[in-house]
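Hi,

Here is the structure I said I'd pass on. Have a look at it first, and then read my notes below.

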Amino acid sequence: MKMKKMLSAVLASVLVIGSVTPCFASSTQQKIDEAKQQKQEMESSISEAQDKIDALESKKGQSESYLEELNGQLEELKNSLQKLQDDYDDKQEELGQVQQELEEAKESEAQQYKDMKIRIQYMYENSSTSYVEMFLSADSISEFLSRAVNIAQLSEYDRELLDQYQETREQIAEKEKQVIQEKEEIQELQIQSQDKQEEVSELIEATYNEIRSYQDNISQVQSEQADLLAQVSAQEEEINSLIRQAKEEEIAAQKAEEEAQRRREEEEAARKQQSSSSGSGSSTVQTPPQNETEESTEDSGNSGQGKYLGRFRLTSYCPCPICCGSWSGGLTASGTVPTAGRTVAMGGIPFGTKLLINGHVYTVEDRGTAYGHVDIFNNTHSQALAFGSQYADVYLVE
Ligand SMILES: [Zn+2]
């Protein structure tokens, strides 16, 4: 995890006002302002892209919970369809039984009818051929009457039995009709459930497609956002290089101004020597200032201290979340362990660059500030706060 500082301690707590107005070329400053403006526009585009992503994510989330609901419905439908299938199977079995019963009832009825017909035929055949014989063969009239009654009773019994069989057969046929109707009702419910299942399956597919389309849109906007982020990084590099250029122009202007001043003083001294050729101690008085000017010119140039980069703003930061945000407590942007007295952050200059500041050599290991603003690592937030905001000459150690 890279540690990229977000805000220095001072920036987070104190609003820095009244920065030193530099005297470098205004055209470079104009370029810096324009580049910063462009960077701001890119950043607002990134933020707009983030809003779009958030809106799409929210819609995607809604679709996902709808999909979950639909899957639940489908599950229920499958269960109810399974139950209907079970009911149907039960009905089918019941119908088989009823039809078996009906078959038996029909057979019983037919058998009864056949038996009855035979019995009646036999009785009437006997009675018709030998009615008198039967009368005569009877030992008494009571016997004959009893016989006649038996015949009547027997046929009545047969008719009752036949009626009973018929009734049973009709009842079973009625039952068969009812079971067939129930079976048809179950079939109707099965069709309805299947239709509903198809409907829900179609909704599920449409919602899947919707989610995929949201995801595609999100990926597209994310890729646009990544492009913009890369552009912002390039723009930051551009701004840093412009600031560096401005600093160099500032130093060159200073040198030119000092050079001009030195020439003016030399000319002045030459004129004074010419006008007062009789003066005796003036030459010894004139020499030291010349040496001093030369020495100071050398100091701000390429002397033993290294290349002068300019007068930079200094602030301090620590590993706390106020200073480092989500990178708090991690490694530096260059992958080193941040170390007080060594680690500093500044953009526009390679990692590992050594800077001489106030007689101490630091190493650029982190990012977070633009070129011209050195953020110095400290162990605690109170140390960072105490450091405040300062200005110092910064030299490149070579
Ligand atoms: Zn801090």
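**Strands first**

Lys307 sits opposite Leu396 of strand E6. That's one spot in the pairing of E1 (residues 307-317) with E6 (residues 390-396), an antiparallel pair held to 7 bridges. Bear in mind as you click around that this is a predicted model.

E6 has another partner to look at: E3 (residues 354-357) pairs with E6 over 3 bridges, again in the antiparallel sense. To find that pairing on screen, go to Leu356, which faces Tyr395 in E6.

**The wider layout**

Stepping back, the protein has 7 helices and 6 strands. Reading from the N terminus, the order is α-α-α-α-α-β-α-β-β-β-β-α-β. Of its 398 residues, 16% come out as buried. Among contacts with a separation of 6 or more, 83% are between residues at least 24 positions apart.

**One residue in the helices**

Then there's Lys59, which belongs to helix H2 (residues 26-129). Is Lys59 buried or exposed? Somewhere in between: Lys59 has 16 C-beta neighbours inside 10 Å, so Lys59 counts as partly exposed, given that buried takes 20 or more and exposed means 12 or fewer. Have a look at Tyr214 while you're there: the C-alpha atoms of Lys59 and Tyr214 are 7.7 Å apart, although 155 residues separate the two in sequence.

Shout if anything in these notes is unclear.

Cheers

Notes: Residues numbered from 1 in each chain as written. Predicted model: local features only at pLDDT ≥ 70, side-chain atom pairs only at ≥ 80, totals over all residues. Helix = DSSP H or I, 4+ residues; strand = E, 2+ residues; numbered from the N terminus. Contact = placed C-beta atoms within 7 Å. Pairing = 2+ DSSP bridges.
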